[in-house]
Amino acid sequence: MLKETFELYNGVKIPKVGFGTWQVPNGDIAYQAVIDALDVGYIHIDTAYVYENEISVGQAIKDAHIKRSELFVTSKLPSHIKTYEETESYFYETLKRLQLDYLDLYLIHAPWPWSNIGQECKEGNAEAWKKMIELYEQRKIRAIGVSNFNVDDLKDLIARTGVVPHVNQIAFFAGHFQKQKETIAFCQENHILVEAYSPLAIGHALNTPLVVSLAEKYQKTPAQILIRYTLEHNTLPLPKSTKKARMEENADLDFSISKEDVLLLDQLSEDPRRFG
Ligand SMILES: NC(=O)c1ccc[n+]([C@@H]2O[C@H](COP(=O)([O-])OP(=O)(O)OC[C@H]3O[C@@H](n4cnc5c(N)ncnc54)[C@H](OP(=O)(O)O)[C@@H]3O)[C@@H](O)[C@H]2O)c1
């Protein structure tokens with residue numbers, strides 16, 4: 001599964017399961033996590049400037065001595081950066097921290113600053129996007145995309161710039177389908193690959209009774225059911241773990257969930273108490 005790929009609309013192949021690194025502290029922990037993930041066989045690593053771990057992620061990538069063309073590395077422009085000039089400087093800082101000379105995928109981390117969710121930044125997103133298009137044309141990035149964009153955000157960005165993102169990375173897990181189904185449908189109709197971040201709902205979905213009972217039925221673990229579920233929707237999961245055994249578990253996905261059971265998982269609603 002770790003070697004299987006989706007194809008973006010520009011022909012770039014992207015490994016079907018990525019390794020998430022949010023909340024993995026820079027230093028020994030991030031370094032060892034990425035070394036372990038690469039050893040398990042993950043070749044797709046997802047980081048971001050704001051995770052503050054690009055230095056250790058990059059060092060681990062370097063020390064693993066895997067051919068660069070066999071790896072797929074994603075990073076993200078901080079959500080408060082909405083100008084053409086700053087987009088360029090943050091991008092080059094990310095490359096420097098990762099010790100890379102190009103990125104496979106670069107994303108606008110969110111349509112608004114995390115400190116002010118929902119703030120109207122449409123012009124700023126288009127500014128940042130224009131710089132990313134330029135970097136893409138200069139072959140500094142193999143694919144460009146966005147994250148946390150809803151249908152309105154996507155339509156506006158496309159209308160202002162004429163360039164459709166290759167990827168939209170959004171929160172997607174069993175319990176979040178009702179919330180995300182319009183965005184997923186819009187992306188898939190427009191050939192935008194959806195990446196499913198927090199596929200385990202940051203761990204909160206693992207004890208959901210339906211997930212536990214499906215794990216028994218399929219003789220899999222709850223984590224495997226949750227990650228496989230995102231693949232059944234043709235979205236690309238980005239599970240995160242700092243434990244090597246769990247990295248292996250999260251990549252052992254060579255089974256499928258029946259259409260009926262996917263429908264049951266689609267009906268789950270998120271329990272707000274779990275996220276309180
Ligand atoms: N674009 C964005 O705005 C955005 C936002 C959030 C996340 N992301 C990306 O998506 C990635 C994944 O999302 P996430 O980190 O929020 O959460 P997640 O992958 O849904 O869940 C991670 C949590 O589950 C635990 N876990 C992992 N595998 C497990 C297993 N097999 N059994 C039991 N527990 C397990 C981990 O603990 P241990 O580490 O202790 O194993 C961690 O606490 C991030 O790391 C990041 O790369 C992007």
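In the predicted model, strand β4 (residues 44-46) is paired with β5 in the parallel sense, the two being joined over three bridges. Within this pairing, isoleucine 45 lies opposite valine 73 of β5. The connection between these strands involves helix α2 (residues 54-63), and β4, α2 and β5 together form a right-handed β-α-β unit.

Strand β5 also pairs with strand β6 (residues 103-108), again in the parallel sense, over four bridges. Here threonine 74 is placed opposite leucine 105 of β6. The chain passes from β5 to β6 through helix α3 (residues 84-98), and this β-α-β crossover is likewise right-handed. Burial of β5 (residues 72-77) extends to six of its six residues, and the strand is therefore largely enclosed by the rest of the structure.

On β6, a further parallel pairing is formed with strand β7 (residues 141-147), over five bridges. Glycine 145 in β7 is the bridge partner of leucine 107. These strands belong to an open sheet of eight strands with parallel pairing, in the order β3-β4-β5-β6-β7-β8-β9-β10. The edges of the sheet are formed by β3 (19-20) and β10 (236-237), each of which pairs on one side only.

Helix packing was examined for α5 and α6. The axes of helix α5 (residues 151-161) and helix α6 (residues 177-189) approach within 9 Å and cross at roughly 30°. Since angles under 35 degrees count as roughly parallel, α5 and α6 are therefore assigned a roughly parallel arrangement. Val151, Leu154 and Lys155 of α5 make the contact with Glu182, Thr183, Phe186 and Cys187 of α6. By class, the residues in this contact of α5 with α6 comprise four nonpolar, one polar and two charged. An α-helix has 3.6 residues a turn, so residues three or four places apart point the same way.

Helix α8 (residues 222-232) is mostly covered, with nine of its 11 residues buried. The buried residues of α8 are Ala223, Gln224, Ile225, Leu226, Ile227, Arg228, Tyr229, Thr230 and Leu231. Just after α8, asparagine 234 adopts a positive phi of about 55°.

Technical notes. Residues are numbered from 1 along each chain as its sequence is written. This is a predicted model: local features need pLDDT of at least 70, side-chain atom pairs count only at pLDDT 80 or more; totals for chains, interfaces and linings use all residues. Side-chain values use heavy atoms; hydrogens and water are left out. Buried means under 20% relative accessible area, exposed over 50%, partly exposed in between (1.4 Å probe, protein chains only). Two strands pair if DSSP finds at least two bridges between them. A crossover is right-handed if, with the strands pointing away from the viewer, the path from the first strand over the helix to the second runs clockwise. Axes are lines fitted to C-alpha atoms, for helices over the stretch in contact, and angles run from 0 to 180 degrees between N-to-C directions. Angles under 35 degrees count as roughly parallel, over 145 as roughly antiparallel, 65 to 115 as roughly perpendicular and the rest as oblique. Contact means heavy atoms within 4.5 Å. Ala, Val, Leu, Ile, Met, Phe, Trp, Tyr, Cys and Pro count as nonpolar, Asp, Glu, Lys and Arg as charged, and the others, Gly among them, as polar.
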